[in-house]
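Subject: Structure handed over, with notes

Dear colleague,

Here is the structure I promised to send. Please open it alongside this message, as the notes below are meant to be read with it in view.

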Amino acid sequence: MQKSPEEKRRHKRIERPCIIRFGQIKPRILPVEWDVTTVRDMSKTGLLFYSSHYFELGSELEIKLKTPLRMKESTFWATVVRCKPTPEIKGSYEIAVTVSRIDEATRAAFDETIEYFIRKN
């Protein structure tokens, strides 16, 4: 019997809109082109969002996130694990990333935000 996506996930996802800025840093593109989008959902290990840019699997993105619980913008790095066209919007891609590098203070704030919204639901 095949597991549902929710059963496969290690961490609960929240559907809370947060604005992110992101740019590809590996493979290196100079200058970094920054894009802005709203996160569709997130967990302690990753994010799902839409972009007009296609990213190869394994590309590394720098992500700047501002959550409702934190006034300052947090920065972390993530690896693209899925990039597929969205059938609803021509020229748009669904991007799934996993957090690959994050400092301790940002990790604590990020986890606190996720836990807050899980409790709230």
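What follows is a short account of what was found, going from the overall fold to single residues.

Please keep in mind that this is a predicted model.

Overall fold

The chain contains 2 helices and 6 strands. Their order along the sequence is α-β-β-β-β-β-β-α. Of the 121 residues in the chain, 39% are buried. Taking contacts between residues at least 6 apart in sequence, 55% of them join residues at least 24 apart.

The barrel

The strands form a closed barrel of 6, in the order β1-β2-β3-β6-β5-β4, and the pairing is antiparallel. On average, neighbouring strands in this sheet are turned by 45° against each other, with direction ignored. As general background, strands of a sheet pair through backbone hydrogen bonds, and the pairing can be parallel or antiparallel.

Strand β5 is a useful place to look at the pairing. β5 covers residues 74-85 and pairs with β6, residues 93-101, through 8 bridges in the antiparallel sense. Within that pairing, A78 has V99 in β6 as its bridge partner, and W77 stands opposite R101 in β6. The side chains of this second pair also meet: R101 lies over the face of W77, at 4.6 Å from the ring centre. β5 is also joined to β4, by 6 bridges, and these two strands run antiparallel. There, E60 has T79 in β5 as its bridge partner.

S74 also has its place in strand β5. Is S74 buried or exposed? S74 counts as buried because its relative accessibility is 8%, and the cut-off for buried is under 20%. Apart from neighbours within four places in sequence, S74 is in contact with I63, K64, L65 and T106.

The nonpolar core

The largest nonpolar core has 20 residues. The residues with the most contacts inside this core are L47, F49, L61, I63 and V97. The elements that contribute two or more residues to the core are β1 (19-26), β2 (35-42), β3 (46-51), β4 (60-66), β5, β6 and α2 (104-120). The largest share, 4 residues, comes from β5. In general terms, nonpolar side chains in soluble globular proteins tend to be buried together.

V97 shows how these residues meet. Which residues does V97 contact, leaving aside its neighbours within four places in sequence? They are T45, G46, L47, F49, L61, I63, A78, T79, V80 and V81. That list includes L47, F49, L61 and I63, which are named with V97 among the residues with the most contacts inside the core.

Aromatic residues

There are 5 aromatic pairs in the structure. One of them is formed by F22 and F49, with a tilted geometry: 4.9 Å centre to centre and 50° between the planes. F22 is in strand β1 and F49 is in strand β3, so this pair ties together parts that are 27 residues apart in sequence. F22 counts as buried, at 1% relative accessibility, and F49 is buried too, with a relative accessible area of 0%.

Another pair is Y116 with F117, which is edge-to-face: 5.0 Å centre to centre, with 75° between the planes. Here F117 counts as buried at 4% relative accessibility, whereas Y116 is partly exposed, with a relative accessible area of 31%.

F22 and F49 also belong to one aromatic cluster with F55. The C-alpha atom of F55 is separated by 8.3 Å from that of Q24, and these two residues are 31 apart along the chain. Q24 is in strand β1 and counts as buried, at 12% relative accessibility.

Besides R101 and W77, there is a further arginine over a ring: R21 lies over the face of W34, at 5.4 Å from the ring centre.

If you want a place to start, begin with β5, which pairs with β6, is joined to β4 and gives the core its largest share of residues. The contacts of V97 can then be followed into the core, and F49 leads on to F22 through their aromatic pair.

Best regards

Terms used:
Residues are numbered from 1 along each chain as its sequence is written. This is a predicted model: local features need pLDDT of at least 70, side-chain atom pairs count only at pLDDT 80 or more; totals for chains, interfaces and linings use all residues. Side-chain values use heavy atoms; hydrogens and water are left out. Two strands pair if DSSP finds at least two bridges between them. Axes are lines fitted to C-alpha atoms, for helices over the stretch in contact, and angles run from 0 to 180 degrees between N-to-C directions. A nonpolar core is a set of buried Ala, Val, Leu, Ile, Met, Phe, Trp, Tyr and Cys residues joined through side-chain atoms within 4.5 Å. Buried means under 20% relative accessible area, exposed over 50%, partly exposed in between (1.4 Å probe, protein chains only). Contact means heavy atoms within 4.5 Å. Rings of Phe, Tyr and Trp (its six-membered ring) pair if their centres lie within 6.5 Å; planes under 30 degrees apart count as stacked, over 60 as edge-to-face and the rest as tilted. A charge sits over a ring if NZ of Lys or CZ of Arg is within 6 Å of the ring centre and within 35 degrees of the ring normal.
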